[in-house]
Amino acid sequence: MKRILAFLIGVCVVSAVKAQQSFWLGADISGTTELEARGCQLRNTQGEPRENTALMRELGLNAVRLRVWVNPVEHGGFCNKEDVVRMALRAKNWGMALMIDFHYSDWWADPGHQNIPAQWKQMTYKEMKKALYDHTHDVLAAIRKAGVEVRWVQVGNETTHGFLWPVGRAEDNMQQYAALTDAGYQAVKSVYPKAEVIIHLDGGCDPRRYDFIFDGLIRYKARFDMIGLSVYPYWDIKGNLTKSWQETVEKFTANINRMWQKYHKPLMVVETGAEAKKPVEGKQIMAAIIDASRNKTNGHCKGVFYWAPELEGPYPLGAFQDGKPTAIMEAFTEASR
C-alpha cells in the first residue's frame, strides 16, 4: 500500500511540475549587463541587493528573453554574441527557460525601424540571406557551446512590416521577407532542432496586421512554429487601436483564439508592459493579461513576457521604482503560485 501511495504521490508531483511548465511567466532582461556597467544596483522588495536574473526568479518568473544585435559596437557592444552568452548562462544557472530574440540590426528593430546592419548594407539579397543564416547559426552555436539550451527563437523582432528594409520590407518584397525568415528558421533548427521558431508582431489586438504577415509567409512557404504578440494597452490607446486597457485585453484574446483557428500554431505574448507611474492599475492590467492568456485561450497561448521590467527613466512602461519592483510584478508572483 505504501508503495502504491508513493507512486501516486510521485505521479501527482510530476503532473504538477508539468502543469506549471505548460505556461511561462517571463521577462526580457536584455539590458542587465548594461545596467551593471552603469553601476546600477537592483534590490528586491525588502531592499536586499539582487542580480537581475536572480531577482526575476525570486519574483516567480520561469523564463528569460534576450535580444541579439548583429554588431552594436557603437553602442558599447551590449547584446552582441558574447554578451548574450553571458546572460544566457545566468538564466541556465537559475533554472529558467530561454528565448533568444534576433533583431537583425545593429540597434533597435521594431515596426518603425528595421535597419540593415552596417556590415550587410552592400550585400545582394542572396548574400544577405546567407549572412542572416550565418549570424543566427553563429550566435546559437556559441550559446549551445556554453551548455545552455534554448527553448524559443524569434526570427526578427516586431516584424509587422518585415525586416532588413528595403530588401525584406513585407509591403514591397514579401517573397524576399519570407525567404529571409525561412533562412533564419533553417539556421535555428540546425543548432537547436527542438527550439520553437517565433514570428513576432506588435499590436496584438489588431487582426489585420497578423493576417497580412502570416498569410504572406505561408503563401511563400516560410516556416515557423509559434506566433508571438506584443500586447501594450498603453500604446494601443495612444495609437487609437483601443479606447481602454480592458478593450485591449478583450481584443488580443479574441485575436489569439481567431489565429489558432486559422493557423493552428501556438501563441505567446512575448512583450507586454504597463505604466510604471500607475503600479496599482498596472498590477490589475498584468493580472488580466496573464489570466486571459492562460485561461481564455483553450491552452493555445503559452506564456506572457514583460519587457524590461527593471527599466526606469524616460521609458514609461517599466515595473520598477528606485531599483525595486513595484506592485506590477506582484501579478507575476501571484500567478506563479
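1. Apart from neighbours within four places in sequence, Glu51 is in contact with Thr32, Glu36, Arg90 and Trp94, where contact means heavy atoms within 4.5 Å. Glu51 sits in the loop between strand S3 (49-50) and helix H3 (52-58); helices here are DSSP runs of H or I with at least four residues, strands are runs of E with at least two, and both are numbered from the N terminus. Its relative accessibility is 24%, and Glu51 therefore counts as partly exposed, on a scale in which buried means under 20% relative accessible area, exposed means over 50%, and partly exposed lies in between (1.4 Å probe, protein chains only). From Glu51 to Val153 the C-alpha to C-alpha distance is 24 Å, with their positions 102 residues apart in sequence.

2. A word on the basis of these remarks. This is a predicted model, in which local features need pLDDT of at least 70 and side-chain atom pairs count only at pLDDT 80 or more, while totals for chains, interfaces and linings use all residues. Residues are numbered from 1 along each chain as its sequence is written, and side-chain values use heavy atoms, with hydrogens and water left out.

3. The strands form a closed barrel of eight, in the order S1-S4-S5-S6-S9-S10-S11-S12, with parallel pairing; two strands are taken to pair if DSSP finds at least two bridges between them. From one strand to the next the twist averages 25°. Strands of a sheet pair through backbone hydrogen bonds, either parallel or antiparallel.

4. Within the barrel, S5 and S6 pair in the parallel sense over four bridges, and Met99 stands opposite Trp152 in S6. In strand S6 (residues 152-155), Trp152 and Gln154 point one way and Val153 and Val155 the other, and all are buried. In a regular strand the side chains alternate between the two faces of the sheet.

5. Strand S9 (residues 196-201) is joined to S10 by four bridges, and the two run parallel; the bridge partner of Leu201 in S10 is Leu229. S10 is mostly covered, with six of its six residues buried: Met226, Gly228 and Ser230 lie on one side, and Ile227, Leu229 and Val231 on the other.

6. Strand S11 (residues 267-272) and strand S12 (residues 301-307) also run parallel, joined by two bridges, and Leu267 stands opposite Cys301 in S12. Helix H9 (residues 245-263) packs on the sheet and touches strand S10 (226-231), S11 and S12, its direction making about 170° with that of S10. Such axes are lines fitted to C-alpha atoms, for helices over the stretch in contact, and the angles run from 0 to 180 degrees between N-to-C directions.

7. H9 also packs against helix H10 (residues 279-295), their axes coming within 10 Å and crossing at roughly 15°. That angle makes H9 roughly parallel to H10, given that angles under 35 degrees count as roughly parallel, over 145 as roughly antiparallel, 65 to 115 as roughly perpendicular and the rest as oblique. Trp245, Val249, Phe252 and Thr253 in H9 meet a set of H10 residues that includes Glu281, Gln284 and Ile285. By class, this contact has seven nonpolar, three polar and one charged residues, where Ala, Val, Leu, Ile, Met, Phe, Trp, Tyr, Cys and Pro count as nonpolar, Asp, Glu, Lys and Arg as charged, and the others, Gly among them, as polar.

8. Helix H4 (residues 81-93) lies across strand S4 (63-68) and strand S5 (97-102), running at about 175° to S4. The axes of H4 and helix H5 (residues 125-145) come within 9 Å and cross at roughly 35°. Lys81, Val84, Val85 and Ala88 in H4 meet Asp138, Val139, Ala142 and Ile143 in H5, and the residues of this contact divide into six nonpolar, no polar and two charged.

9. Helix H6 (residues 170-191) and helix H7 (residues 207-219) pack at about 55°, with their axes 9 Å apart, and H6 and H7 are therefore oblique to each other. The H6 side of the contact consists of Ala170, Glu171, Met174, Tyr177, Ala178 and Thr181, which meet Phe212, Ile213, Gly216, Leu217 and Arg219 in H7; by class there are seven nonpolar, two polar and two charged residues.

10. Finally, Glu330 lies in helix H11 (residues 330-335) and, at 37% relative accessibility, counts as partly exposed. Glu330 and Pro279 are 51 residues apart in sequence, and their C-alpha atoms are 9.8 Å apart in space.
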